[in-house]
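User: I'm new to this structure and would like to know what stands behind the terms used for it. Could you take me through them?

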Amino acid sequence: MSARSEPPWFQQARDDGGLVVSDPPKFDLDSYIANYKGKTRIARLLHIGQTSSYLSNDALRLAISEAREGKDVELYLRVVKVFHEIFPEDPVSQTDTNWVDRVQREADAESRRLEAELRGYKNNLIKESIRMAYDDMGRHYQHIGALGEAVKNFNKEREYCQLPAHIAIMVNRLINAHIEQNSWISVEANVQKLRGLPQKPGEGEKLEAKLSAAQGLAELSTQQYRRAALTLLDCNPRMIQSRLEDTAADESYGEVITPNDIASYGALCALASMNRTELQKNVLDNTKFRNYLELEPHLRRAVSSFVAGKYSQCLDILSAHRTDYILDLYLSPHYDQLVSMIRNKAIVQYFVPFSKVTFSALATAFKTNEDDIIESLTELIGSYSLPATLDLEDGLLVANTAETRAEMFKAAMGAGQDYEKVLQSRLLRFAVSNANLDISSPKQQGVGNGTGAGDLLMGREYNAKGKGKPTKGFF
Amino acid sequence: MTDPSLSVEALASAITNAEPHTFTPLHSHIVYEALQTKSYTAVLPVLDNDIYKITGDNSARSDGASPTQPLFSHALTSTVKIRYQEVVSYFLYGGMIYLAVGNYDRAILFFELATVYPANNTASKIQVEAYKKWILINLFHNGKLPSLARHLGGQHHRILTSLAKPYEAVVEAFQNPDAKRLAETVNIGQAIWAQDLNTGLISLVLRAHQRFAISSLSKIYRSIPIKKVHQLAFSASTTHNEVYEYIANLIASGQLSATLTVPGSDSGNAFLRFTSPGTEGPNVENQRIQLAIIQQTKINIINEYVKEMTHTLQMSRPYLESLHKSKKKNPGGDPSNNGAANLGIGASQYLAEDEDEYLEAL
């Protein structure tokens with residue numbers, strides 16, 4: 001392949017704060033992408049092309065040829081544009097306008113044909129045909145990239161579904177369309193909907209894994225890491241078995257996510273959000289999830305290290321695989337944050353048994369220098385995650401000792417003072433009202449019109465016209 | 001030449017010999033006199049005696065029931081009607097007196113009472129002045145502002161905040177650790193502070209900002225080099241020595257509980273070590289017990305006044321009417337329970353025994 005010197009586009013991307021990796025990943029691009037089917041292949045290849053300077057050319061070429069086999073004109077144009085920005089001299093980066101026009105025309109023709117069919121079926125009032133027509137239209141629009149239209153049609157399909165199986169198909173399509181749109185709230189909503197519907201026993205199980213995967217993905221993308229962990233750790237392992245037998249099988253979810261992804265997302269989210277006992281129980285002792293975790297043995301080692309308190313080992317494994325994870329379409333925007341959460345947790349957990357620790361010991365334990373560890377500690381203390389203070393004179397991290405009796409006394413006195421204040425205010429408010437000493441604007445001021453304590457209770461103060469208005473003041 | 005504070009002393013003794021915890025027309029006189037003659041010590045006993053009732057000419061009640069508040073029998077006051085301005089300005093002036101003697105907690109309480117004094121869709125200018133001072137002392141003494149919004153009616157609150165806008169700007173600038181911003185904001189409002197006679201308070205606030213910047217460091221650092229304090233809490237234009245001197249003064253005056261350690265003779269490497277305020281001495285438990293007893297006595301006194309107020313409320317006509325109505329709706333219901341729930345002060349044990357008489361009379 002062409003020289004591995006980095007195209008200038010990537011340096012620019014780095015300067016703009018984008019994520020870029022330059023090392024070769026641990027996976028082989030072709031076998032990696034073979035695990036996925038459908039349009040996600042293009043999306044993933046596009047992501048890799050924009051993130052990895054090493055794989056960019058190969059990934060984007062593949063993306064273009066994939067796009068040309070599809071019918072989504074906009075996606076094709078987007079991929080070509082990116083390719084052109086990064087590799088302006090490469091001949092492949094020229095837009096094939098013939099192709100674009102042809103596919104556009106075909107797509108429009110197909111749309112019109114389907115709409116005509118639909119009208120025909122509607123006239124005949126055959127529910128089943130109408131349903132299938134909406135389904136075809138939805139899928140057509142999804143193929144050509146008109147996701148809004150696709151979703152509309154799938155939603156319209158709803159009222160023509162008569163069997164639970166129909167509904168299941170329709171909601172599945174909806175979920176996939178929403179995933180493609182990155183509308184995560186809709187994804188979660190539809191998963192809940194489908195979960196609530198009764199299914200035939202065999203069918204239900206098949207669906208389960210897909211639903212958990214979709215839900216977990218949505219939760220990850222909306223940064224609900226703990227919930228994502230719990231969802232994914234509970235995912236039904238059927239998906240693995242079916243995929244091993246036939247990657248094109250219905251049960252594999254290759255159009256969205258692979259079992260390896262489920263393992264990665266689940267393990268990482270768990271590491272970032274659970275403490276060591278929970279990790280032991282929910283990850284290592286979890287028989288269901290074990291099937292997934294076996295697919296990513298290094299993550300199992302990472303979790304075991306963390307549980308055993310070998311934090312630097314765990315962090316080493318995570319940083320060794322960083323490139324791979326940054327190249328994953330859904331994990332990429334969250335990876336660094338997850339690792340930083342894991343690291344912070346590790347620091348806090350490390351300190352739990354101590355009352356004092358030197359900075360140098362901490363720095364060694366986390367394989368960094370003292371300044372770096374001090375910075376992390378400052379951040380942790382400032383965010384109230386670490387109950388300690390820094391002794392920069394002696395180079396120590398010192399735990400906060402609670403003088404419980406003094407604090408309790410202070411709290412009790414404080415409560416007493418608040419009580420005093422509130423009561424005093426109430427008494428004064430009553431006295432003021434009773435004596436008609438409320439402040440009123442001049443035209444309202446009534447003197448001696450016989451209002452008394454009872455009106456206070458009703459919360460009213462009578463003005464000269466005798467109408468009641470609620471007053472506030474003195475708590 | 002008579003000692004001007006004599007008048008204050010005379011008023012003070014008259015008030016303290018009269019009914020305790022009760023506001024009289026004398027109160028507004030005495031705070032005014034005290035401020036005019038700068039005789040603060042004489043008036044403190046009056047101020048320290050919290051107000052729970054107001055006396056004076058209680059207007060005749062339409063239901064003909066006898067007034068439940070005993071009238072102040074002094075000839076000077078029994079025929080004088082109190083106006084609200086007297087009560088509100090009592091709190092404002094009282095707060096200012098506490099300020100003058102350095103009792104900031106009581107000052108804050110007084111300004112707050114003036115500010116939240118009941119106002120019907122309006123606010124008095126006296127309240128606005130009290131509000132402004134309340135803001136400034138809270139900043140200076142506590143470093144932050146408690147929220148008053150829920151104690152104030154909408155219009156009342158709006159008037160206060162709009163008239164005190166420059167002060168709210170100071171609050172915002174104060175939250176920012178950058179001292180320059182605060183200095184600028186203060187500078188812009190020079191004329192306003194002068195007109196409101198708040199320049200003294202403003203300068204206290206400025207000094208406090210620096211103080212809080214340093215003491216907030218104690219949340220993260222147990223011991224920190226002065227160089228770093230300089231970097232984090234002071235503007236770049238101050239010299240190292242200035243920082244050192246300032247901190248030393250803070251510690252010496254007791255406003256910061258910390259120690260300075262200087263290795264060698266060079267103050268350049270000095271460290272500031274925060275300590276907890278007041279190490280526990282052997283007498284601390286006794287002191288705590290004393291404080292708790294004082295507070296308990298005070299609360300007991302307040303509770304007595306609350307009982308009286310509750311009784312008055314329950315004897316009032318509109319309340320009895322409503323009880324009667326609800327009794328009609330719920331013939332089997334227990335009226336005393338309704339009463340207690342309405343009052344919310346756990347008052348069921350204070351209900352008068354002869355209530356039924358009144359109910360039947362309606």
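User: How do you know how much surface chain B exposes?
Analyst: The Shrake-Rupley method with a 1.4 Å probe gives accessible areas. For chain B of this predicted model, about 18600 Å² is exposed, and 54% of it comes from carbon and sulfur atoms. Side-chain values use heavy atoms, with hydrogens and water left out, and local features need pLDDT of at least 70, side-chain atom pairs 80 or more, while totals for chains, interfaces and linings use all residues. Residues are numbered from 1 along each chain, and chains are lettered from A in the order in which they are written.

User: What makes a residue of chain B count as buried?
Analyst: Buried means under 20% relative accessible area (1.4 Å probe, protein chains only). Of the 362 residues in chain B, 44% are buried.

User: Why is the span of helix 4 of chain A called close to the expected one?
Analyst: A helix here is a DSSP run of H or I with at least four residues, and its expected span is 1.5 Å times one less than its number of residues. Helix 4 (residues 56-69) of chain A has 14 residues and reaches 20 Å, so this span is close to the 20 Å expected.

User: What covers the buried residues of helix 4 of chain A?
Analyst: Helix 1 (8-15) and helix 5 (73-86) of chain A are among the elements in contact (heavy atoms within 4.5 Å). The buried residues include A:Leu60 and A:Ile64.

Terms used:
Helices (H or I, at least four residues) and strands (E, at least two) are DSSP runs, numbered from the N terminus. Buried means under 20% relative accessible area, exposed over 50%, partly exposed in between (1.4 Å probe, protein chains only).
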